[in-house]
Amino acid sequence: MAVENPTIYLNGEFMALDRAKVSVLDRGFLFGDGIYEVIPVYGGRLFRLDEHLRRLEDSLAGIRMQPPLNRCEWEKIFDRLIVGEQDQAVYLQITRGAALKRDHAIPADVVPTVFAMCTPITPVPAGGVRVVTLDDIRWQYCHIKAITLLPNVLLRQQALDRGGVEAILIRHGDVTEGAASNVFAVIDGVLATPPKSRHILPGITRDLILELAQEYRIPTAERNITLAELQRASEIWLTSSTREILPVVELDGTRVGDGVPGPLWQNLYAIYQEYKNTLRVRR
Ligand SMILES: Cc1ncc(COP(=O)(O)O)c(C=O)c1O
């Protein structure tokens with residue numbers, strides 16, 4: 001259950017959410033000059049923390065910033081924000097901070113703004129979801145988890161307007177990813193997902209699914225997937241830290257497979273839940 005006015009972390013202090021204030025000169029506000037991470041928490045434990053912090057460092061390096069805190073400091077902050085044992089996620093955002101002058105050029109002496117909060121994770125809808133394909137209109141640094149998300153916002157809304165819950169994005173005829181998720185497709189019995197590149201976010205859930213699939217000897221392939229291949233896939237999944245593995249049952253108004261979550265999804269979903277539960281018992 002959501003706490004009404006949760007404690008958040010902002011620039012070295014813990015405070016009630018309604019007391020948190022950021023300067024209007026913050027470059028995150030003015031330019032979208034910042035990055036973020038979302039880390040799931042199961043049974044009060046941070047899930048794949050090392051992987052998330054590594055990606056955080058990569059995102060920071062991608063926008064020419066140094067990590068403002070170290071692993072131990074992050075962990076202390078996150079631990080204070082976690083409430084109870086329910087499934088939740090830490091949202092962490094770092095912007096370049098507030099400079100006195102609004103100038104595109106990166107200022108030399110500016111203190112980053114660091115914000116973190118914990119929010120509940122809502123359960124994945126049973127029965128699968130509808131999605132639509134849309135042209136990938138985003139920039140060429142999609143591997144950076146940047147807060148500059150206007151294209152993703154517009155794409156998601158376009159999907160919602162057409163009765164879908166997510167957009168699967170197509171770039172030069174190939175699938176890249178969802179507006180806020182990675183994409184998997186079962187094609188000729190092989191679980192395929194696009195390879196890592198500057199056109200997709202290297203999803204932590206994506207990597208874990210590949211790892212688990214390989215452990216359970218499910219054939220996998222990291223390769224380009226054309227729109228035509230996606231259209232004939234027997235299963236399509238969306239993956240993300242907050243939505244785990246979401247089966248797609250309708251693509252652009254056409255049924256995927258039998259129009260219900262497929263057998264490989266059921267298999268891997270169970271494996272994923274079991275993996276999550278090992279965290280809960282390892283306390
Ligand atoms: C564009 C995009 N791709 C992929 C993902 C999935 O990444 P992860 O599994 O690390 O949550 C997200 C998550 O929000 C995303 O925004």
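**Aromatic contacts and ligand shell**

Y272 is buried, at a relative accessible area of 1%. The model is predicted. F47 likewise counts as buried, with 4% relative accessibility. Aromatic pairs in the structure number 10. In one of them, the ring centres of F47 and Y272 are 6.3 Å apart and the planes meet at 70°, so the arrangement is edge-to-face. This pair connects distant parts of the chain, 225 residues apart: F47 lies in the loop between β4 (45-46) and α2 (49-62), and Y272 in helix α7 (residues 263-281). Both residues belong to one aromatic cluster, together with Y42 and Y275. The charged end of K276 sits over the ring of Y42, 4.4 Å from its centre.

A tilted aromatic pair is formed by F184 and W237, with 6.0 Å between centres and 35° between planes. Strand β10 (residues 182-187) carries F184 and strand β13 carries W237, so that distant parts of the chain, 53 residues apart, are linked. F184 and W237 are buried. A further charge over a ring involves R80, whose charged end is 3.9 Å from the ring centre of F14.

The ligand is surrounded by 16 residues, of which R55, E177, I204, T205 and S241 come nearest. By class, the shell comprises 4 nonpolar, 8 polar and 4 charged residues. At least two shell residues come from each of β9 (174-178), α5 (204-215) and β13 (235-240). Polar side-chain atoms approach the ligand at 2.6 Å from a nitrogen atom for E177, at 2.8 Å from an oxygen atom for S241, and at 3.3 Å from an oxygen atom for K145. Of the 390 Å² of accessible area that the ligand has on its own, the protein covers 91%.

Terms used:
Residues are numbered from 1 along each chain as its sequence is written. This is a predicted model: local features need pLDDT of at least 70, side-chain atom pairs count only at pLDDT 80 or more; totals for chains, interfaces and linings use all residues. Side-chain values use heavy atoms; hydrogens and water are left out. A residue is near a molecule or strand if one of its heavy atoms lies within 4 Å of it. A polar contact is a pair of N or O atoms within 3.5 Å; within protein, one must be able to donate a hydrogen and the other to accept it, and residues adjacent in sequence count only if both atoms are side-chain atoms. Accessible areas come from the Shrake-Rupley method with a 1.4 Å probe; for residues, only the protein chains shown count as cover. Helices (H or I, at least four residues) and strands (E, at least two) are DSSP runs, numbered from the N terminus. Ala, Val, Leu, Ile, Met, Phe, Trp, Tyr, Cys and Pro count as nonpolar, Asp, Glu, Lys and Arg as charged, and the others, Gly among them, as polar. Rings of Phe, Tyr and Trp (its six-membered ring) pair if their centres lie within 6.5 Å; planes under 30 degrees apart count as stacked, over 60 as edge-to-face and the rest as tilted. Buried means under 20% relative accessible area, exposed over 50%, partly exposed in between (1.4 Å probe, protein chains only). A charge sits over a ring if NZ of Lys or CZ of Arg is within 6 Å of the ring centre and within 35 degrees of the ring normal.
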